[in-house]
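Colleague: Could you walk me through how to read a few local features in a model like this one?

Modeller: Gladly; let's have it in front of us and start with a single residue.

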Amino acid sequence: MNIFLMYKDVPSMSYEFGRFRSITIDKRLPTKVQRERFYHELCHILRHAGRQIMMPEAFLELQEWDAKNFTRYAALPLHMLTAFDFKQQGIVDVLSEQFKVTPELCAERLKRIREKAKHLVR
């Protein structure tokens, strides 16, 4: 995808200038959090435009909401989750280890899947 990936002792960020694109991940963070930050920054590169420093607050909030939402789907794709039994004891920890993301992200993703399933059953 021609995106440079770097790990440094700085807050995670994405950067674009012309055709140059990069993601920098804060290497001081735990590995699972680094992975989540990667998906978050990847969303900014793939789906967003503009410099957040200069955009209106409401637009910045929308981009951050979108990046958080994208992270859940990219980190735990539904087609890969179908192999797991969601009723299994400790499923959140199992998913956290399998997908290398935090248990909090896994719990939120499962919550959304269950909510959507309830709507489909009605």
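Modeller: This is a predicted model. Setting aside neighbours within four places in sequence, Asp-26 is in contact with Lys-8, Asp-9, Val-10, Pro-11, Ser-12 and Gln-34.

Colleague: Where is Asp-26 found?

Modeller: Asp-26 belongs to strand 3, which covers residues 20-26.

Colleague: Does Asp-26 count as buried or exposed?

Modeller: The general idea is a cut-off: buried means under 20% relative accessible area. Asp-26 has 8% relative accessibility, so it counts as buried.

Colleague: Which side chain makes a polar contact with the side chain of Asp-26?

Modeller: That partner is Arg-28, whose side chain makes the polar contact at 2.8 Å.

Colleague: Let's turn to a helix. Which residues are buried in helix 4?

Modeller: Helix 4 spans residues 91-99, and Ile-91, Leu-95, Ser-96 and Phe-99 are buried there. Viewed down the axis of helix 4, these buried residues fall within an arc of 140°, so they line one face of the helix.

Colleague: What phi does Lys-100 take, just after helix 4?

Modeller: Lys-100 takes a positive phi there, about 60°.

Colleague: And Met-80, how should I read its accessibility?

Modeller: Between buried, under 20%, and exposed, over 50%, comes partly exposed. Met-80 has a relative accessible area of 40%, so it is partly exposed. Met-80 lies in helix 3, residues 78-81.

Colleague: What separates the C-alpha atoms of Met-80 and Met-6?

Modeller: Those two residues are 74 residues apart along the chain, and their C-alpha atoms are separated by 27 Å.

Conventions:
Residues numbered from 1 in each chain as written. Predicted model: local features only at pLDDT ≥ 70, side-chain atom pairs only at ≥ 80, totals over all residues. Heavy atoms only, no water. Helix = DSSP H or I, 4+ residues; strand = E, 2+ residues; numbered from the N terminus. Buried < 20%, exposed > 50% of the residue type's maximum accessible area, 1.4 Å probe, protein only. Polar contact = N/O pair within 3.5 Å; in protein donor to acceptor, adjacent residues only side chain to side chain. Contact = heavy atoms within 4.5 Å. Arc of directions from axis to C-beta.
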